[in-house]
Amino acid sequence: MTEAGEGKERELTLEEAFAQLDGLVERLETGSVPLEESFQIYKEGMELLKECSARIDTVEKKMLQINSDGEISEF
């Protein structure tokens, strides 16, 4: 029997995503990672960065909407 949501990845918080990015950078900076693995780490980092950027953009748009309207409204 499987629980609801099992097998689904939980969405990372921005803090968790940034911590993962830091870990990826540290691995690359060691200089001891094989080239192919470096490319995979880079790809993973770029995907995390893209996700973080999109989430930050969403928050910024909501903040701009709050500032211009003076109230919270969904878009």
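Let's start at one small spot: setting aside neighbours within four places in sequence, Ser38 is in contact with Leu28 and Val33. Ser38 sits in helix H2, and Leu28 sits in helix H1. Please keep in mind that this is a predicted model. Its secondary structure comes to two helices and zero strands, and the points below walk through how they meet, what is buried, and where charges pair up.

**Overall picture and confidence**

- The protein has 75 residues, of which 15% count as buried.
- About 6500 Å² of the protein is exposed, with carbon and sulfur atoms supplying 55% of that area.
- Looking at contacts between residues at least 6 apart in sequence, 46% join residues at least 24 apart.
- The average pLDDT is 82, and 79% of the residues score at least 70.
- Residues 1-7 are the stretch to treat with care: their pLDDT is below 50, and beyond near neighbours in sequence they have zero contacts in the model.
- Where pLDDT is low, predicted coordinates should not be read in detail.

**Around Ser38 and Leu28**

- Is Ser38 buried or exposed? Ser38 is buried, because its relative accessible area is 17% and the cut-off for buried is under 20%.
- Leu28, its partner from helix H1, is partly exposed, with a relative accessible area of 36%.
- Apart from residues up to four places away in sequence, Leu28 touches Ser38 and Ile41.
- Leu28 and Phe39 are eleven residues apart in sequence, and their C-alpha atoms are 9.6 Å apart in space.

**The nonpolar core**

- Which residues make up the largest nonpolar core? It has eight: Leu12, Ala17, Leu21, Leu24, Val33, Ile41, Leu48 and Cys52.
- Helix H1 (14-29) and helix H2 each supply at least two residues of this core.
- Leu48 is a handy residue to click on here: leaving aside neighbours within four places in sequence, Leu48 is in contact with Leu12, Ala17, Gln20, Leu21 and Leu24.
- Two core members also turn up in the contacts described above: Val33 is in contact with Ser38, and Ile41 is touched by Leu28.
- As background, nonpolar side chains in soluble globular proteins tend to be buried together.

**A nonpolar patch on the surface**

- Leu28, Tyr42, Met46 and Leu49 form a nonpolar patch on the surface, with about 380 Å² of accessible area together.
- Where does the largest share of the nonpolar patch come from? Helix H2 (residues 35-69) provides that share, with three residues.
- Tyr42 is found in helix H2, whereas Leu28 belongs to helix H1.
- Why can Leu28 be part of the patch? Its relative accessible area is 36%, and patch residues need over 30%.

**Salt bridges**

- How many salt bridges does the structure hold? There are three.
- Arg27 and Glu37 meet through their side chains in a salt bridge, at 2.6 Å from N to O. Arg27 lies in helix H1 and Glu37 in helix H2, so the pair ties together parts that are ten residues apart in sequence.
- Both partners are partly exposed: Arg27 has 38% relative accessibility, and Glu37 has a relative accessible area of 35%.
- Glu11 pairs with Arg55 in a salt bridge whose closest N and O atoms are 3.6 Å apart. Glu11 lies in the segment before H1 and Arg55 in helix H2, so this pair ties together parts that are 44 residues apart in sequence.
- Glu11 is exposed, with a relative accessible area of 55%, whereas Arg55 is partly exposed at 24%.
- Glu51 also forms a salt bridge with Arg55, and the closest N and O atoms are 3.6 Å apart. Glu51 and Arg55 are four residues apart in helix H2, so about one helical turn separates them.
- Glu51 counts as partly exposed, at 33% relative accessibility.
- Glu11, Glu51 and Arg55 are therefore linked in a network of salt bridges.

Methods. Residues are numbered from 1 along each chain as its sequence is written. This is a predicted model: local features need pLDDT of at least 70, side-chain atom pairs count only at pLDDT 80 or more; totals for chains, interfaces and linings use all residues. Side-chain values use heavy atoms; hydrogens and water are left out. Patches are made of residues with over 30% relative accessible area and no salt bridge: like charges are joined within 9 Å, nonpolar side chains (Val, Leu, Ile, Met, Phe, Trp, Tyr) within 5 Å. Accessible areas come from the Shrake-Rupley method with a 1.4 Å probe; for residues, only the protein chains shown count as cover. A salt bridge is a side-chain nitrogen of Lys or Arg within 4 Å of a carboxyl oxygen of Asp or Glu. A nonpolar core is a set of buried Ala, Val, Leu, Ile, Met, Phe, Trp, Tyr and Cys residues joined through side-chain atoms within 4.5 Å. Buried means under 20% relative accessible area, exposed over 50%, partly exposed in between (1.4 Å probe, protein chains only). Contact means heavy atoms within 4.5 Å. pLDDT is the predictor's confidence in each residue, from 0 to 100.
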